[in-house]
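Student: I've got a structure open and would like to work through it with you. Can we take it piece by piece?

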Amino acid sequence: MRTRDEELKGLGADFTFGFIQMMDGEKDPRNLLVAFRIVHDLISRDYTLEPFVEELFEVTSCYFPIDFTPPPNDPYGIQREDLVLSLQAVLASTAQFAEFLLPLLVEKVDSEILNAKLDSLQTLHACCAVYGQKELKDFLPSLWASIRREVFQTASEQVEAEGLAALRALTACLSCSVLRTDAEDLLDSFLSSILQDCRHHLCEPDMKLVWPSAKLLQAAAGASARACDHITSNVLPLLLEQFHKHSQSNQRRTILEMILGFLKLQQKWSYEDKGERPLSGFKDQLGSVVFMALADPNAQLQLVGIRTLTVLASQPDLLSSGDLELAVGHLYRLSFVEEDSQSCRVAALEAAGHLAALYPVAFSSYLVPRLAEELCVGELDLAREGEANKCARHLRCLQALSAVSTHPSIVKETLPLLLQHLCQLNKGNMVAGPSEVIAVCQSLQQLAEKCQPDPENCWYFHQTAVPRLLALAVQASMPEKEHAVIRKVLLEDEVLAAMVSVIGTATTHLSPDLAAQSAAHIVPLFLDGNISFLPENSFPCRFQPFQDGSSGQRRLVALLMAFVCSLPRDVEIPQLNQLMRELLELSCCHSCPFSSTAAAKCFAGLLNKHPAGQQLDEFLQLAVDKVEAGLGSGPSRSQVFTLLLWVTKALVLRYHPLSSCLTNRLMGLLSDPELGPAAADGFSLLMSNCTDVMTRAGHAEVRLMFRQRFFTDNVPALVQGFQAAPQDVKPNYLKALSHVLNSLPKHVVLPELPTLLSLLLEALSSPDCVVQLSTLRCLQPLLLEAPQVMSLHIDTLVTKFLNLSSSPSMAVRIAALQCMHALTRLPTPVLLPYKPQVIRALAKPLDDKKRLVRKEAVSARGEWFLLGSPGS
């Protein structure tokens, strides 16, 4: 058929008849796959089938539904699914089979065999893409009766889903068929049958068949705009009436969920003429029902009401301006005032954000002013040292402001509000702690994330927020004549970390031109003290964080790090050479660990993004010289080690050749009496993802599978170093190794497991809880994926896991019990000798003071109890 197509077609019906005789009675699944493909080609390539259409159907349909179980160790790998799909493609390939196939499908759907039902419904679904009204007309009543029965009575969710899909396909087929002017419109009559059989169930007081009926109606309505209009216009008045008839909240919730389903279907279809919208006639009733649900005290009904309001408001002209004002009021109450239901509050905030993007004027007019008033009340409460519930109101107000900032016009109102509020918190009469300032910064960060998709909005946020934040921080860093504790809150570690997140988020999505424009202001601020671009820039003394600056000024290098390490790679940073040298000097300063760490991270982040070339080599040489000089001895040894760690990470991420040299230097420090434990923990930093610098979102160069490469290059040296190390140094190597292994996909570790397992088992005896926890988390998946290798060490594993189940650390106890649970996946004959010992030992953690530990103990002990029992 591939090479002699025309010659075979020239044989006419004789070729088709001959093939039918040859295929008749075939049982080998390999040959059947080929035969089904040939039949499909006969049909799709227009071979002559007449007068043998029925015979061709019979010789293929005799295999329907496929009943095939592949033999064990089948070398050909033929699965039942392969045969099912191949046969389905044949049966659904031509409308000429319709008069024979459709009765067969009805018969199989009505059978008691699950696979027969599924295959029949799936085949019917496929046929609807080929058939038209002519082929379906005589079989519609029986097809509908079978599908209805399956949805009403089936115990299988899969059969129900396939039945609904088949009904949708049938309705779509009837909707798309071209009608003659004198022909009957089968779609209307078919939908009328569906409505006739389902409508009365929607009105039954016990509501037993409400959901199956609604699913059938929604499946048909989802097929086409015509079907959706027909069903919605008939069902929606009935559901609205039922909502008012029922007074119980759970019944109203069920009805409203059905209304919501039909509203979502209407959303699928676009109507050019507003007069065509079938929901236009019900908009007042729909609004009334939604607002009744939102005002109901039942939280579950409120949740459905919020979802319905979101869908209703997403369709044009269904809410009047009065309705919008009422909707905003309800969302304000649910998201801000009411405290009972956390889920309702979250849903209301999400809905407010969605609707604010569609109706910015309404939210600017009704909601933002109320939130601004609440913010002023919060400031007064903080000035009077407000209680905890007032702080909670303050937090909810900030969350609401960031949630509704989904439109540029609203951002232009909410951003100045939040920044002004932050300024007020920074004044001396406020009793604002770090938590209040951090809450404002978190709201600013969420607002920055919402601005990222729109370049213009992103630039507005950046040029408005970043200079103001820098000005506040610079003001806080200035020496005060009087002791201003509140203002110094901005210099605390966690507050600066929150500001770092805001500045980084506001910078990552800038275009290169705008980012360079901003860099031309911010970098000179830190290097030269140029404060001209800052608002309210009258400070009592110069800002010089790198030249004899105070400790407070040096801490602000973290904000510089947030900015320059988030810039696109192709942005040229002004005065880069001077900046790198200043950062390198500050990173080795021992007087302020926070600022030296921030400088080291900033230096490393810039190295990571810097293009290869002579200048990069010069910066690296400066760093290596600094590290070698500082690691020998002196007060800055710890800070120099931190610099080494971050520079190593920067180079490991980009596969720089020098990374292996620096990693070896780091391994050498594992034997250092002072820095050894910190060097071991440093391997966790090398393998982990950072959130503030060297992130993919911040345009860092992070190569694919850098962890796997690090593992391949360095784990053999770690193992070798462990074997040669003195006894007091071995724990450092074990900790470093466990950090590396714990960060890797398990399929990478499995080939090396025989070599590494003895070290992992020894790591379980380490007194360090961090090593124990890291090792347990590494071993648990290996117990599931490599049971044969782990079985060789069963005695050691059981003993160590049981010992660690009594550890002082709750996290270690939980991980040890999870490993005891995972042990039950090992071969049963290996485990049975230990069963009595384990069951006795696991009785103790059943009385643990921590609920999560008791939960894991119950789960693990239950599995060990069942070990070896019939059916386990």
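Student: Which helix is glutamate 58 found in?
Tutor: Keep in mind as we go that this is a predicted model. Helix H4 covers residues 53-61. Glutamate 58 is found in helix H4.

Student: Is glutamate 58 buried, partly exposed or exposed?
Tutor: Buried means under 20% relative accessible area, and exposed means over 50%. Glutamate 58 has a relative accessible area of 42%, so this residue is partly exposed.

Student: Which residues form the negative surface patch?
Tutor: Helix H4 gives the largest share of that patch, three residues. Glutamate 58, itself in helix H4, is one of the patch members. The full set is Glu54, Glu55, Glu58 and Glu99.

Student: How far apart are the end C-alpha atoms of helix H6, and what should its 12 residues span?
Tutor: H6 runs over residues 98-109, and the expected span takes 1.5 Å a residue. That gives 16 Å for its 12 residues. The end C-alpha atoms agree with this, being apart by 16 Å.

Student: How many of the 12 residues of H6 are buried?
Tutor: The buried ones include Phe100, Leu101 and Leu102, and the list also takes in Lys108. That leaves H6 mostly covered, and the count of buried residues is nine.

Student: Where is the cis peptide bond that ends at proline 65, and what is its omega?
Tutor: Proline 65 has its place in the loop between H4 and helix H5 (80-91). The cis bond runs from phenylalanine 64 to proline 65, with omega near -5°.

Student: What separates the C-alpha atoms of isoleucine 113 and proline 65?
Tutor: Isoleucine 113 lies in the loop between H6 and helix H7 (114-127), and its relative accessible area of 55% makes it exposed. Along the chain, isoleucine 113 and proline 65 are 48 residues apart. Their C-alpha atoms are separated by 9.8 Å.

Student: How many salt bridges are there?
Tutor: Side chains of opposite charge can pair when their charged atoms come close. The cut-off here is a Lys or Arg side-chain nitrogen within 4 Å of a carboxyl oxygen of Asp or Glu. By that rule, the count is 18.

Student: How far apart are the closest N and O atoms of arginine 80 and aspartate 119?
Tutor: These two residues form a salt bridge, with the closest N and O atoms apart by 2.7 Å.

Student: Which helices does that pair tie together?
Tutor: The partners are 39 residues apart in sequence. Both count as buried, with arginine 80 at 18% relative accessibility and aspartate 119 at 6%. Arginine 80 lies in one helix and aspartate 119 in another, so the pair ties together H5 and H7.

Student: Which residue meets arginine 148 in a salt bridge?
Tutor: Arginine 148 is partly exposed, at a relative accessible area of 23%. Its side chain is 2.5 Å, N to O, from its partner in the salt bridge. That partner is aspartate 197.

Student: Which residues join arginine 637 in one salt-bridge network?
Tutor: Arginine 637 forms a salt bridge with aspartate 672, the closest N and O atoms being 2.4 Å apart. The pair links distant parts of the chain, with arginine 637 in helix H32 (residues 637-653) and aspartate 672 in the loop between helix H33 (658-668) and H34. Arginine 637 is buried at 11%, and aspartate 672 is buried at 14%. Salt bridges that share partners join Arg637 into one network with Asp672 and Glu674.

Student: Is aspartate 317 buried or partly exposed, given its positive phi?
Tutor: Aspartate 317 has phi near 65°, a positive value in a residue other than glycine. This residue lies in the loop between helix H16 (299-313) and helix H17 (321-337). At 42% relative accessibility, aspartate 317 counts as partly exposed.

Student: And methionine 694, is that one buried or exposed?
Tutor: Methionine 694 also has a positive phi, near 55°. Its place is the loop between helix H34 (676-687) and helix H35 (706-724). With 6% relative accessibility, methionine 694 counts as buried.

Notes
Residues are numbered from 1 along each chain as its sequence is written. This is a predicted model: local features need pLDDT of at least 70, side-chain atom pairs count only at pLDDT 80 or more; totals for chains, interfaces and linings use all residues. Side-chain values use heavy atoms; hydrogens and water are left out. Patches are made of residues with over 30% relative accessible area and no salt bridge: like charges are joined within 9 Å, nonpolar side chains (Val, Leu, Ile, Met, Phe, Trp, Tyr) within 5 Å. Accessible areas come from the Shrake-Rupley method with a 1.4 Å probe; for residues, only the protein chains shown count as cover. Lys and Arg count as positive and Asp and Glu as negative; His and the chain ends are not counted. The place of a charge is taken as NZ of Lys, CZ of Arg, CG of Asp or CD of Glu. Helices (H or I, at least four residues) and strands (E, at least two) are DSSP runs, numbered from the N terminus. Buried means under 20% relative accessible area, exposed over 50%, partly exposed in between (1.4 Å probe, protein chains only). The expected span of a helix is 1.5 Å times one less than its number of residues.
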